[in-house]
Amino acid sequence: MSSHEAVTDAAPTDTSDKRRWIALAIVMTAAFMDLVDATIVNIAIPSIERDLGASFGAIQWITAGYALAFAAGLITGGRLGDIYGRKRLFLIGTAGFTLASALCGFAANSEMLVASRLLQGAAAAMMVPQVLSIIHVTFPAHERGKVFGMFGAIIGLGAVSGPLLGALLTQWNIAGLEWRPIFLINLPVGIAGLILGRKFISESKAPKALRLDIVGMLLVTVALLMLIYPLTRGRELDWPLWGHLMMVGSLLVFGAFVGYEKFKTDKDGSPLVELSLFRVKSFAAGIAVQLTFGIVLGIFFLVWTMYMQIGLHWTPLKAGVTGVPFSIAVSVAAGLSVQKLVPRFGRKVLQAGALTMIAGLLLYFFVAGRYGSGIEPWQMTLPLVVMGLGMGLIVAPLTDAVLSEVPREHAGSASGLINTTGQMGNALGLGLVSVVFFGVIDGRNLAQAPTEVSAAFTDAFQNSLGWAAGVLAAIFLVMFALPAKPKQHLEGGDGDEDGDDAPGSVEKEPVLTH
């Protein structure tokens with residue numbers, strides 16, 4: 001099959017073409033680059049803060065800005081690929097991601113870095129949705145199980161290696177660049193992906209692609225900005241009235257978004273969000289779980305990094321190595337939950353994950369308070385492993401539980417919405433760090449002795465853990481609305497016999513999360 005020959009999803013796959021494995025390596029590398037980039041930044045945050053003199057509000061936007069831009073453009077990015085070609089959008093997204101990485105690496109101040117991160121998130125929203133679609137049309141059904149297994153391993157590797165790679169690159173201070181190599185490392189990878197992708201990836205389009213919903217995307221983006229911007233800036237400005245008005249106004253814009261989506265559905269049947277999905281109780285509950293779980297992760301990972309590096313004065317490498325048991329525990333529990341536990345125990349596995357993660361958070365709360373500024377990495381290992389096991393029991397089977405009762409024809413839209421909702425929750429959680437973490441530090445004199453600074457950050461960290469545990473308790477209750485045992489969500493045959501399936505609508509495919 002020629003790399004320049006455009007095919008639709010109905011086109012048969014040429015299994016004799018060995019180049020499809022090179023195409024797989026290219027899109028997997030791009031996915032790995034995106035996943036690592038989402039985790040690599042946190043570990044370098046204190047170094048960025050010192051080097052650029054960034055405010056804590058700017059620090060939040062360096063992470064939240066990426067998540068917000070990624071979330072806002074994710075569904076639209078997928079549709080652009082369906083309409084104009086997955087290969088084309090993948091290459092455009094990769095080029096944009098590479099350029100944005102260069103801008104991040106050479107950022108002269110925190111404002112430029114925030115803007116570059118927004119661009120990077122928007123580019124990722126064009127690149128990432130094409131990955132699974134390209135895999136789907138490149139490989140026949142009998143090969144996809146093996147391919148998605150490899151893909152899952154790449155996702156796990158990204159979760160483990162991101163913080164470590166970020167720690168090493170920051171610690172080594174290559175050519176005196178400090179944190180900048182965490183972004184510049186994307187340049188050779190991105191350039192290679194562009195050159196090889198142009199040659200080896202085959203073009204494909206959806207036979208019946210939905211139309212774009214630019215107005216819907218703009219409305220939801222404005223609503224999120226109106227909610228998250230005052231959260232991140234409000235503390236520094238002493239919570240002005242306009243901030244409260246913006247947050248209230250965001251609810252009105254969300255309402256306008258829902259109204260427009262109903263209009264768009266009646267007009268041409270291609271809304272950004274398929275509102276009828278929310279009539280499915282398990283889907284609505286699952287989206288609520290995805291959103292609130294994203295909030296928990298957004299809060300925890302940022303405050304954890306600042307607690308270790310600013311509060312405890314640890315090096316990036318020491319902080320990065322401390323997180324390895326957590327990442328390994330997540331990967332182990334994720335594998336067990338999908339293969340062994342969920343088929344037998346259903347939603348109880350996810351609820352056990354929520355309770356286990358709460359136990360880990362409370363254990364961490366106790367350990368942080370008991371050992372104070374003298375705490376060592378080995379004393380954090382048990383709570384981190386318990387938390388990691390709990391997280392693994394949730395993240396892997398959650399997507400399947402949410403999709404289990406979704407009608408076959410809406411599975412693709414539902415998958416995109418799950419990804420988007422998780423990113424929105426992550427951005428919201430990062431915004432809430434102002435309240436749950438910095439709100440405790442405010443009023444404490446950070447120019448004091450190191451032990452006093454450690455005490456302030458430890459108190460703030462403990463407060464954040466308490467909030468995260470409370471949110472997880474709410475998640476546990478909402479999980480009762482999930483199906484007791486997830487069904488095969490796409491009934492009625494595999495659809496691959498005659499090749500009329502659309503990406504995301506037949507196989508249980510991994511969902512890219514951060």
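Is Leu-103 buried, partly exposed or exposed, and at what relative accessibility? In this predicted model, Leu-103 has a relative accessibility of 31%, and therefore counts as partly exposed, since the buried class ends at 20% and the exposed class begins over 50%. The residue lies in helix H3, which covers residues 86–105, and together with Leu-99 and Leu-119 it forms a nonpolar patch on the surface, the three having about 240 Å² of accessible area together.

Helix H2, which runs over residues 56–84, contains 29 residues and spans 40 Å between its first and last C-alpha, a value close to the 42 Å expected at 1.5 Å a residue. A bend of about 45° is nevertheless found in H2, at Leu-74. Of the 29 residues of H2, 26 are buried, so this helix is largely enclosed by the rest of the structure. Just after H2 comes Gly-85, for which a positive phi of about 115° was computed.

Positive phi values also occur in residues other than glycine, and two such cases are described here. Glu-178, with a phi of about 50°, is placed in the loop between helix H5 (141–172) and helix H6 (181–184), and its relative accessible area of 31% makes this residue partly exposed. His-313, whose phi is near 65°, is found in the loop that lies between helix H10 (281–311) and helix H11 (316–322); with a relative accessible area of 45%, His-313 is likewise partly exposed.

Notes: Residues are numbered from 1 along each chain as its sequence is written. This is a predicted model: local features need pLDDT of at least 70, side-chain atom pairs count only at pLDDT 80 or more; totals for chains, interfaces and linings use all residues. Side-chain values use heavy atoms; hydrogens and water are left out. Patches are made of residues with over 30% relative accessible area and no salt bridge: like charges are joined within 9 Å, nonpolar side chains (Val, Leu, Ile, Met, Phe, Trp, Tyr) within 5 Å. Accessible areas come from the Shrake-Rupley method with a 1.4 Å probe; for residues, only the protein chains shown count as cover. A salt bridge is a side-chain nitrogen of Lys or Arg within 4 Å of a carboxyl oxygen of Asp or Glu. Helices (H or I, at least four residues) and strands (E, at least two) are DSSP runs, numbered from the N terminus. Buried means under 20% relative accessible area, exposed over 50%, partly exposed in between (1.4 Å probe, protein chains only). The expected span of a helix is 1.5 Å times one less than its number of residues. The bend at a residue is the angle between axes fitted to the seven residues ending there and the seven starting there.
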